[in-house]
Amino acid sequence: MRRTIFTEEHELFRETARAYYLRECAPYGEQWERDGQVSRAAWAAAGKAGLIGWEFPEEYGGQGIRDFRYNAIMAEEMAATGAVGIGLGLQNDVIPPYLMGLTTPEQRERWLPGVASGETICALALSEPAAGSDLKGIRTTARRDGDEWVIDGSKTFITNGILADLVVVACKTDPDAGHKGISLIVVERGAEGFERGRKLDKVGMKAQDTAELFFREVRVPVGNLIGQEGRGFYHMMGNLPTERLAIAVAALASAEKAFGVTLAYAKDRTAFGRPIGEFQANRFALADMKARIAAARGYLDGCIMALVEGELTADEAAAAKYWTTETCWEVIDRCMQLHGGYGYVNEYEIARIWRDSRVQRVFGGTSEIMQEIVGRSLGL
């Protein structure tokens, strides 16, 4: 079905995004997967092309445009071009509400220009070895010592963890206050006692640097606190619907890419003297996938516009993440099956899409957590 949510300006932006991914990312995917991280040059190229921080005011290198449709285009084109690894989604979808909505003018002047240019790569350090979906259970602490915060603890599963120059860290500033004692503090590259741990060896998303972070008596200025002290949990909860919708967009884009790759394969690959797509079982499987993708697209585009108009609720975002990521996995797994043995060979793109997509049902809140959120919205 024809999509109606984008304007001419959005489509021009899409052309820029696609050209960037094809030129600066897609040719280097295999090398980045071997390295376990992307090149910083790709980040700089994204900044130069205006593909980072367009939400920021112009004086900080942005364009003053707040419109999630641009975020959706970035995710869609990344999947469509086969680009891998670069964490622009986190930089554009997740970080701006923290660095725009919770910072002082002095903090914005310090940090935003570098973020928009691609020189400063960001990470959000929430998850810990014993606290993933349960953010109330974090154990990293920050105690006040004069004009400094002293941070102790560890984080894991941190996207951009190795490359990050600026890390927003969730800390317990009042360990006895439960979730009301959590604050958000920025730690910058080079801070004494701030160490990168292992670059995690993941099943998929091999080119994206996901790491452990350690904080051992890390001292940062009191002025690195963002938002209100003790309100960090609420700041994080307020930003989760946008993050979850971004994951939903990326998931459906991956499913669409997998379907396109598989449809082409089904028309080209022959068995028993004819293309495999002509066999009824395979033709029906492809028809079912097309219908599932189309139905998910309709709901997801509605959620995108609800976010643009300031009307998206937390349970709607949770439903979008749950349905699209589950649908994505079902579609991609069937696509891999239709490739037969070749689907399990890494030189075929479907294998990489399959590996990379499995985690979408986990990060940003598991499917079970999404069901819980939706269930509670029903008064249950």
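This tour proceeds through a predicted model, selection by selection.

**The three annotated spans**

Begin by selecting residues 7–119, which UniProt, in an unreviewed entry, lists as "domain: Acyl-CoA dehydrogenase/oxidase N-terminal". This span is 65% helix and 0% strand, and its end C-alpha atoms lie 30 Å apart.

Next select residues 123–218, where the unreviewed UniProt entry places "domain: Acyl-CoA oxidase/dehydrogenase middle". Here the content is 0% helix and 51% strand, with the end C-alpha atoms 17 Å apart.

Then select residues 230–378, given by UniProt (unreviewed entry) as "domain: Acyl-CoA dehydrogenase/oxidase C-terminal". The span is 74% helix and 3% strand, and 30 Å separates its end C-alpha atoms. Colouring these three selections separately will help with the stops below.

**Stop 1: Ile-138**

Select Ile-138, which sits in the loop between β1 (122–125) and β2 (141–145). Is this residue buried or exposed? Its relative accessible area is 3%, so Ile-138 is buried.

Show its surroundings next. Leaving aside residues up to four places away in sequence, Ile-138 touches Leu-126, Glu-128, Ala-131, Lys-155, Ala-170, Cys-171, Lys-172 and Ile-182. For a sense of distance, add Gly-89: 49 residues separate Gly-89 from Ile-138 in sequence, and their C-alpha atoms are 24 Å apart in space.

**Stop 2: two residues with positive phi**

Move to Phe-157, in strand β3 (residues 148–159). This residue is not a glycine, yet its phi is positive, at about 60°. Its relative accessibility is 58%, and Phe-157 therefore counts as exposed, whereas Ile-138 is buried.

Now select Met-205, in the loop between β6 (194–199) and β7 (210–221). Met-205 likewise is not a glycine and has a positive phi, of about 50°.

**Stop 3: Arg-297**

Select Arg-297 in helix α9 (residues 280–308). With a relative accessible area of 8%, against a cut-off of 20% for burial, Arg-297 is buried.

Which residues does Arg-297 touch, not counting residues up to four places away in sequence? They are Arg-3, Glu-76, Leu-252 and Glu-256. Adding Asp-174 to the selection gives a long view across the model: Arg-297 and Asp-174 are 123 residues apart in sequence and 44 Å apart in space, C-alpha to C-alpha.

**Stop 4: helix α11 against α8**

Select helix α8 (residues 232–268) together with helix α11 (residues 349–357); their axes come within 10 Å and cross at roughly 160°. That angle makes α8 roughly antiparallel to α11, since angles over 145 degrees count as such. The crossing in which α8 passes α11 is left-handed.

Display the side chains at this contact. From α8 come Ser-254, Lys-257, Ala-258, Val-261 and Thr-262, which meet Glu-349, Ile-350, Ile-353 and Ser-357 of α11. Sorted by class, this contact has four nonpolar, three polar and two charged residues.

**Stop 5: helix α11 against α10**

Keep α11 selected and add helix α10 (residues 314–338); the two pack at an angle of about 150°, with their axes 10 Å apart. The helices α10 and α11 are therefore roughly antiparallel to each other. Here too the crossing is left-handed, with α10 passing α11.

On the α10 side, display Cys-328, Trp-329, Ile-332, Asp-333, Cys-335 and Met-336, which meet Ile-350, Ile-353, Trp-354 and Ser-357 in α11. By class, the contact of α10 with α11 divides into eight nonpolar residues, one polar and one charged.

**Stop 6: Ser-357**

Finish on Ser-357 in helix α11. Ser-357 takes part in the contact with α8 and also in the contact with α10.

What is the relative accessible area of Ser-357? The value is 3%, so this residue is buried. Not counting residues up to four places away in sequence, Ser-357 touches Ser-254, Cys-328, Trp-329 and Ile-332. Among these partners, Ser-254 belongs to α8, while Cys-328, Trp-329 and Ile-332 belong to α10.

Terms used
Residues are numbered from 1 along each chain as its sequence is written. This is a predicted model: local features need pLDDT of at least 70, side-chain atom pairs count only at pLDDT 80 or more; totals for chains, interfaces and linings use all residues. Side-chain values use heavy atoms; hydrogens and water are left out. Axes are lines fitted to C-alpha atoms, for helices over the stretch in contact, and angles run from 0 to 180 degrees between N-to-C directions. Helices (H or I, at least four residues) and strands (E, at least two) are DSSP runs, numbered from the N terminus. Angles under 35 degrees count as roughly parallel, over 145 as roughly antiparallel, 65 to 115 as roughly perpendicular and the rest as oblique. A crossing is left-handed if the near helix is turned anticlockwise from the far one by less than a right angle, and right-handed if clockwise. Contact means heavy atoms within 4.5 Å. Ala, Val, Leu, Ile, Met, Phe, Trp, Tyr, Cys and Pro count as nonpolar, Asp, Glu, Lys and Arg as charged, and the others, Gly among them, as polar. UniProt positions are given in the numbering used here, feature names are shortened, and annotations may be inferred rather than shown by experiment. Buried means under 20% relative accessible area, exposed over 50%, partly exposed in between (1.4 Å probe, protein chains only).
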